[in-house]
Amino acid sequence: MRESVELDSVDWLILEELQNDATLPNRVLAERVGLAPSSCLQRVRRLREQGVITGSHIDVDPAATGLVLEAVVAINVRPHTREVVDQFREFVMAQRETRSLLHVSGQADFLLHVAVADTTHLQEFLVDKLASRTEVRHFTSSIVLEQLHTRALTPPPHLRRRRRRR
C-alpha cells in the first residue's frame with residue numbers, strides 16, 4: 001500500500017480545479033487558488049513527483065461515438081489465485097468494450113463496466129468473449145440506466161478553505 005502524501009488546503013484547491021478541468025492554463029489555475037503562477041507551477045510539479053497527480057484525461061460520451069448501451073458485469077473467477085486474477089485482468093483490459101474494471105471483495109470478484117453499440121453487441125461480448133473464458137465461473141450483467149459521478153476528490157473538513165472570488 002502506498003504511503004499517503006500530506007496535502008494542505010492549497011494543494012486540495014489545486015487538485016479540485018485540475019480534476020474538474022485538467023486543461024487549465026497555469027496562470028488561470030494560480031489565480032483561482034490564490035498563488036503566484038511560479039508557486040502554483042512548483043506545487044503542481046511536486047504533486048506529480050509525489051504521485052498524487054498520476055495523469056490527465058478527457059471524458060468521452062460513449063453514446064456520441066455509437067456506443068449507446070453501457071452495462072456493469074459482476075464476475076466470479078476460479079480459482080481465485082494471483083496468476084488467474086492477473087491473466088483475467090489483462091484479458092479484460094485488452095477488450096475494446098471495457099471502460100473500467102474493479103477487483104473487489106464481496107459477492108463478486110470483479111465489476112466490469114462496458115460500453116457497447118446495442119443488446120446484440122452486449123450478448124456477443126458476454127457469450128463469445130466472457131463466458132468462453134475457463135476461469136469465469138459466473139457472471140451477471142446489469143444495464144446502466146443513468147450514470148452520475150463525482151468530478152473531484154474533496155479535502156477532509158479540517159483542510160477546506162474558502163475559494164478566492166473570481
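Where is the place of Glu 124: in which helix? Glu 124 has its place in helix H5, and that helix is a good spot to begin a walk through this predicted model.

**Helix H5 and its two sides**

Helix H5 runs over residues 119-130, and its buried residues are His 121, Leu 122, Phe 125, Leu 126 and Leu 130. These residues lie on the same side of H5, because the arc they cover around the axis is only 130°. The general rule behind such a pattern is simple: an α-helix has 3.6 residues a turn, so residues three or four places apart point the same way. Turn to the face of H5 that points away from the buried side, and you will find the exposed residues Gln 123 and Asp 128. Glu 124 falls between these two classes: its relative accessibility is 43%, so it counts as partly exposed.

What do the buried residues of H5 pack against? Their partners are strand E1 (69-77), helix H4 (82-93), strand E3 (110-116) and strand E4 (136-143). At the start of H5 there is also a polar detail to look for: a side-chain oxygen of Asp 118 comes to within 3.2 Å of the backbone nitrogen of Thr 120.

**Helix H4, a partner of H5**

Helix H4 can be checked with a little arithmetic. With 1.5 Å for each residue, its 12 residues should span 16 Å, and the C-alpha atoms at its ends are indeed 16 Å apart, so the two values agree. The buried residues here are Val 84, Val 85, Phe 88, Phe 91 and Val 92. They sit on the same side of H4, because their arc around the axis is only 130°. On the face turned away from that buried side, H4 carries the exposed residues Arg 82, Glu 83 and Glu 90.

The buried residues of H4 pack against E1, strand E2 (98-103), E3, H5 and E4. Just ahead of this helix, have a look at the loop between E1 and H4, where Pro 79 is found. The peptide bond joining Arg 78 and Pro 79 is cis, with omega at about -5°.

**Rings on H4**

How many aromatic pairs does the structure hold? There is 1 aromatic pair. Its members are Phe 88 and Phe 110, whose ring centres are 4.9 Å apart and whose planes meet at 50°, so the pair is tilted. Because Phe 88 lies in helix H4 and Phe 110 in strand E3, the pair ties together parts that are 22 residues apart in sequence. Both rings belong to buried residues: Phe 88 has a relative accessible area of 0%, and Phe 110 counts as buried at 1% relative accessibility.

Phe 91, another of the buried residues of H4, has a charged companion. The charged end of Arg 133 sits over the Phe 91 ring, 4.1 Å from the ring centre.

**Glu 97, a buried acid**

Glu 97 lies in the loop between H4 and E2. Is Glu 97 buried or exposed? Glu 97 is buried, since its relative accessible area is 2%, and the cut-off for buried is under 20%. Its side chain makes a polar contact of 2.9 Å with the side chain of His 121, one of the buried residues of H5. A polar contact of 3.2 Å joins the side chains of Glu 97 and Lys 129. Leaving aside neighbours within four places in sequence, Glu 97 is also in contact with residues including His 113, Val 114, Ala 115, Val 116 and Phe 125.

**Loop residues and some distances**

Two loop residues round out the picture. Ala 22 has its place in the loop between helix H1 (9-20) and helix H2 (26-33), and is partly exposed with a relative accessible area of 35%. Gly 66 is found in the loop between helix H3 (37-49) and E1, and counts as partly exposed at 36% relative accessibility. Not counting residues up to four places away in sequence, Gly 66 touches Val 116 and Ala 117.

The table sets separation in sequence beside C-alpha to C-alpha distance.

| Pair | Apart in sequence | Apart in space (C-alpha to C-alpha) |
|---|---|---|
| Glu 124 and Ala 71 | 53 residues | 13 Å |
| Ala 22 and Val 114 | 92 residues | 25 Å |
| Gly 66 and Thr 98 | 32 residues | 15 Å |

Methods. Residues numbered from 1 in each chain as written. Predicted model: local features only at pLDDT ≥ 70, side-chain atom pairs only at ≥ 80, totals over all residues. Heavy atoms only, no water. Buried < 20%, exposed > 50% of the residue type's maximum accessible area, 1.4 Å probe, protein only. Helix = DSSP H or I, 4+ residues; strand = E, 2+ residues; numbered from the N terminus. Arc of directions from axis to C-beta. Contact = heavy atoms within 4.5 Å. Polar contact = N/O pair within 3.5 Å; in protein donor to acceptor, adjacent residues only side chain to side chain. Expected span 1.5 Å × (residues − 1). Phe/Tyr/Trp six-rings, centres within 6.5 Å; stacked < 30°, edge-to-face > 60°. Lys NZ or Arg CZ within 6 Å of the ring centre and 35° of its normal.
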